[in-house]
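Student: I would like to go through this chain with you, beginning with the order of its elements and ending with its surface.

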Amino acid sequence: MALDITALQNISSGAIKEAAKQAPTNKPDTYIDKSFNDFLGTALDNINTTNSYLSDAENEEIKWALGETENTHDLSIALMKASTALQYTVAIRDKLLDAYKELMQMQV
């Protein structure tokens, strides 16, 4: 279930906003610039949430394996949240890659 997002994990949404503020521009901030910045920040927040769900699922598995809890309901909920979040993240990544490939194939 490893997802190659290590580069994105090292970037915080605050760092992206700071970089966007410091980037030289010849025009004032436009709606498009702000919406892309917000989109990227939201995407990073979603990746962090997915990682959190995966971590919670691993913690629940460890607790159950060590006998610290007998509640399999919490374990199954944590596993389903992690699975659903990971599937969603992978689906978004695939759609973005498809869009990128399509843009690269366009002739100017």
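Student: In what order do the elements of the chain run from the N terminus on?
Tutor: This is a predicted model, in which local features need pLDDT of at least 70, side-chain atom pairs count only at pLDDT 80 or more, and totals for chains, interfaces and linings use all residues. Residues are numbered from 1 along each chain as its sequence is written, and side-chain values use heavy atoms, with hydrogens and water left out. Helices (H or I, at least four residues) and strands (E, at least two) are DSSP runs numbered from the N terminus, and the chain has 4 helices and 0 strands. The order from the N terminus on is α-α-α-α.

Student: Which residues form the nonpolar patch on the surface?
Tutor: Such a patch takes residues with over 30% relative accessible area and no salt bridge (side-chain nitrogen of Lys or Arg within 4 Å of a carboxyl oxygen of Asp or Glu), and joins nonpolar side chains (Val, Leu, Ile, Met, Phe, Trp, Tyr) within 5 Å. Two or more residues come from each of α3 (31–66) and α4 (72–105). With about 540 Å² of accessible area together (Shrake-Rupley method, 1.4 Å probe, only the protein chains shown counting as cover), the patch residues are F36, F39, Y88, I92 and L96.

Student: Which element gives the largest share of the nonpolar patch?
Tutor: I92, one of the patch residues, lies in helix α4. The largest share, 3 residues, comes from α4.

Student: Is I92 buried, partly exposed or exposed?
Tutor: Buried means under 20% relative accessible area and exposed over 50%, with partly exposed in between (1.4 Å probe, protein chains only). Because the relative accessible area of I92 is 37%, I92 is partly exposed.

Note on methods: Patch = residues over 30% accessible without salt bridge, like charges linked within 9 Å, V, L, I, M, F, W, Y side chains within 5 Å.
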